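User: Could you take a close look at one part of this model for me, the surroundings of a serine side chain? I'd like a connected walk-through, with whatever else helps to compare.

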Amino acid sequence: MDNLSDALKKLKITTSDSTADSLEGCLDCLLQALAQNNTETSEKIQKSGVLQVFASLLMPQSSCTAKVANVIAEVARNEFMRNPCVDAGLIPPLVQLLNCKDQEVLLQTGRALGNICYDSHEGRNAVDHAGGAHIVVDHIRSLCSKTDPASEKLLTVFCGMLMNYSNENGKQHRKFALCLPGEQPHQKKKEKRKKLNSTILLFGVSMCVTEGHGAIAIQVLDTLQSQLINMGVIPTLVKLLGIHCQNAALTEMCLVAFGNLAELESSKEQFAYTNIAEELVKLFKKQIEHDKKEMIFEVLAPLAENDVIKLQLVEAGLVECLLEIVQKTVDSDKEDDVAELKTASDLMVLLLLGDESMQKLFEGGKGSVFQRVLSWIPSNSHQLQLAGALAIANFARNDGNCIHMVDNGIVQKLMDLLDRHVEDGNVTVQHAALSALRNLAIPVVNKAKMLSAGVAEAVLKFLRSEMPPVQFKLLGTLRMLIDAQAEAAEQLGKNVKLVERLVEWCEAKDHAGVMGESNRLLSALIRHSKSKEVIRTIVQSGGIKHLVTMATSEHVIMQNEALVALALIAALELVTAEKDLENAQLVQILHRLLSDDRSAPEIKYNSMVLICALIGSEPLQKEVQSMAFLEVVSKLRSHENKTVAQQASLTEQRLAVES
């Protein structure tokens with residue numbers, strides 16, 4: 001340590017005119033001390049005030065410049081040294097050094113800037129202000145096609161520097177763990193997976209020839225990401241991946257970059273104009289290690305959110321790769337295999353969210369991919385059951401596909417799957433299977449077939465579920481099934497347990513979706529059955545007040561459904577429902593709807609039809625007369641909608657007669 005103290009003293013009094021030999025000796029001493037104990041040596045360097053001297057030593061023409069930059073890179077591996085490096089004014093001269101031609105200077109300068117930027121807002125701001133990113137992007141572009149070792153080292157450093165430059169404290173984005181030189185990936189794997197989404201990691205990248213490695217962190221600030229995207233870095237990095245696919249370190253750095261940049265929508269548009277899909281699939285096919293596959297998966301997931309890229313990935317053969325992984329891992333209980341199975345099957349479902357990619361894989365129901373997915377449903381793996389059901393739900397996005405699947409027995413497979421999950425079943429599988437059945441029930445020709453197959457009975461087994469996602473899909477499936485199916489609507493509408501559960505869920509204020517669907521199904525049971533017995537069941541279960549409340553919904557379609565159901569109640573069972581309608585203040589609500597200029601024409605029309613029906617009840621008629629409906633209705637005779645105007649005239653006549 002005496003040598004270190006002497007070296008620091010000499011450096012502090014040195015000038016740019018000092019001999020190269022004396023400077024190099026001091027710098028060598030610092031580098032040796034840093035190699036032995038980086039943290040302690042960095043603290044001594046900070047206390048000595050030598051950092052300020054370094055700014056004057058960072059000159060392109062000096063033979064010591066690379067070593068000075070190397071020292072800065074090493075001390076900046078410590079968090080407590082990054083801001084002092086900025087405060088010492090080191091960023092502007094370092095950025096200027098990026099314009100020199102010496103490869104060693106460029107290498108160490110890239111390391112220094114990259115390490116100062118890591119987890120340091122001040123460091124990134126200083127590099128941004130000095131224009132460092134533009135120069136580095138230009139370097140990457142010019143070096144991109146060069147495959148000699150020195151150029152590839154530089155490319156790796158510059159890519160790493162850009163990643164740290166686009167890193168922001170506290171913003172959790174996709175991160176990729178890169179092994180330190182000499183580490184065995186499997187020794188660190190479990191620790192990295194545990195930390196992946198909860199902490200900021202330091203990543204080691206081999207960034208110099210003999211001096212060790214720099215600290216690289218990947219965590220992304222949207223603004224600086226956008227800046228890099230606008231500089232056109234994406235096409236360059238895609239090209240880089242294609243040319244340097246045999247270089248593991250550089251390939252991994254490109255993947256890190258893609259994973260971070262792919263989070264932004266603007267990046268996906270740029271990626272769509274490159275051959276990224278082809279390059280990633282080609283790279284994926286070569287991978288054997290789980291960690292490498294996982295890294296590529298992390299890039300594929302955000303990219304596959306874009307419909308254009310979905311289709312490109314399908315055309316590049318990604319689906320075949322995913323199916324192969326599923327086949328290899330489905331019977332394994334190893335942690336890595338289970339993770340791969342989940343990721344591969346999830347990504348498969350994601351690819352089916354695109355209309356073009358989905359239809360390409362469906363191939364009229366004859367496609368091998370579609371057939372393979374069908375085989376997942378009876379699997380013993382919950383993950384495959386889930387993915388299979390979700391895939392069917394995605395294939396069932398147009399009438400043609402739905403009709404084909406129902407005609408070919410998919411409904412029975414889904415009901416068998418639901419049967420396996422009735423008692424203490426997997427909620428995600430229940431939700432997925434119900435989603436598929438709901439979609440399949442949309443085409444008119446499928447409804448009777450699915451009802452005959454016993455779908456309603458299979459769905460009703462989940463009435464006891466306390467899980468809102470399952471409740472929501474259960475309600476939607478039943479509503480789709482009874483659309484224009486009078487017999488089924490009447491059968492379900494007379495089911496007291498179902499109606500009582502619907503009334504209960506109509507009050508589920510914490511779950512707006514469940515509450516809305518419950519109201520809609522209650523209305524649908526009346527509208528499609530037109531049954532007095534169904535109405536009596538709903539009245540006895542306390543459902544009237546919910547239908548009246550539904551008439552005030554912000555959604556016109558729900559308002560209209562409620563008004564039609566209430567009109568049927570008034571026409572078929574007014575005496576039975578009279579008291580409940582009065583208590584729910586239906587007449588006052590109808591007055592508001594007719595008086596409100598914002599009410600849709602169909603709402604005004606059906607409100608007047610309902611008023612005419614309510615007049616048949618003495619207490620409700622008195623309410624109507626007390627609220628001056630005649631005045632409101634007479635104004636509607638001049639409504640721009642002819643149907644509304646016509647109904648206004650009829651309603652006015654009826655009110656006049658009754659008064």
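Analyst: Let's settle one term before we start: a polar contact here is a pair of N or O atoms within 3.5 Å, and within protein one of them must be able to donate a hydrogen and the other to accept it. Bear in mind as well that this is a predicted model.

With that in hand, go to Ser42, which sits in helix α3, residues 38–48. A polar atom of the Ser42 side chain lies 2.8 Å from the backbone oxygen of Asn38. That distance falls within the 3.5 Å limit. Is Ser42 buried or exposed? Its relative accessibility is 0%, and buried means under 20%, so Ser42 counts as buried. What does Ser42 touch, once residues up to four places away in sequence are set aside? The list is Leu34, Val75, Asn78, Phe80 and Met81.

Now for another serine, Ser345, whose place is in helix α21, residues 335–351. Ser345 has a relative accessible area of 0%, so it goes down as buried too. For its side chain, there are two backbone oxygens to look at. The backbone oxygen of Leu341 is 2.7 Å from a polar side-chain atom of Ser345, while the backbone oxygen of Lys342 is reached by the Ser345 side chain at 3.2 Å. Leave out residues up to four places away along the chain, and Ser345 touches Trp376, Gln383, Leu384 and Ala387. For a backbone view of the surroundings, take Val373: it is 28 residues from Ser345 along the chain, and the two C-alpha atoms are separated by 9.5 Å.

To see how a pair of helices packs in this model, try α14 (residues 233–243) and α16 (residues 265–272). Their axes are 9 Å apart, and the packing angle is about 50 degrees. Angles from 65 to 115 degrees would be roughly perpendicular and those under 35 roughly parallel, so α14 is oblique to α16. The crossing of the two is right-handed. Which residues meet there? From α14 come Ile234, Pro235 and Val238, and from α16 come Ser267, Gln270 and Phe271.

Last, the annotation. An unreviewed UniProt entry places the feature "repeat: ARM" at residues 89–131 and 409–441. In the model, the span 409–441 is 73% helix and 0% strand, and the C-alpha atoms at its ends lie 14 Å apart.

Conventions:
Residues numbered from 1 in each chain as written. Predicted model: local features only at pLDDT ≥ 70, side-chain atom pairs only at ≥ 80, totals over all residues. Heavy atoms only, no water. UniProt positions renumbered as here; feature names shortened; annotations may be inferred. Helix = DSSP H or I, 4+ residues; strand = E, 2+ residues; numbered from the N terminus. Buried < 20%, exposed > 50% of the residue type's maximum accessible area, 1.4 Å probe, protein only. Contact = heavy atoms within 4.5 Å. Axes fitted to C-alpha atoms, helices over the stretch in contact; angles between N-to-C directions. Parallel < 35°, antiparallel > 145°, perpendicular 65-115°, else oblique. Left-handed = near helix turned anticlockwise from the far one by under 90°.
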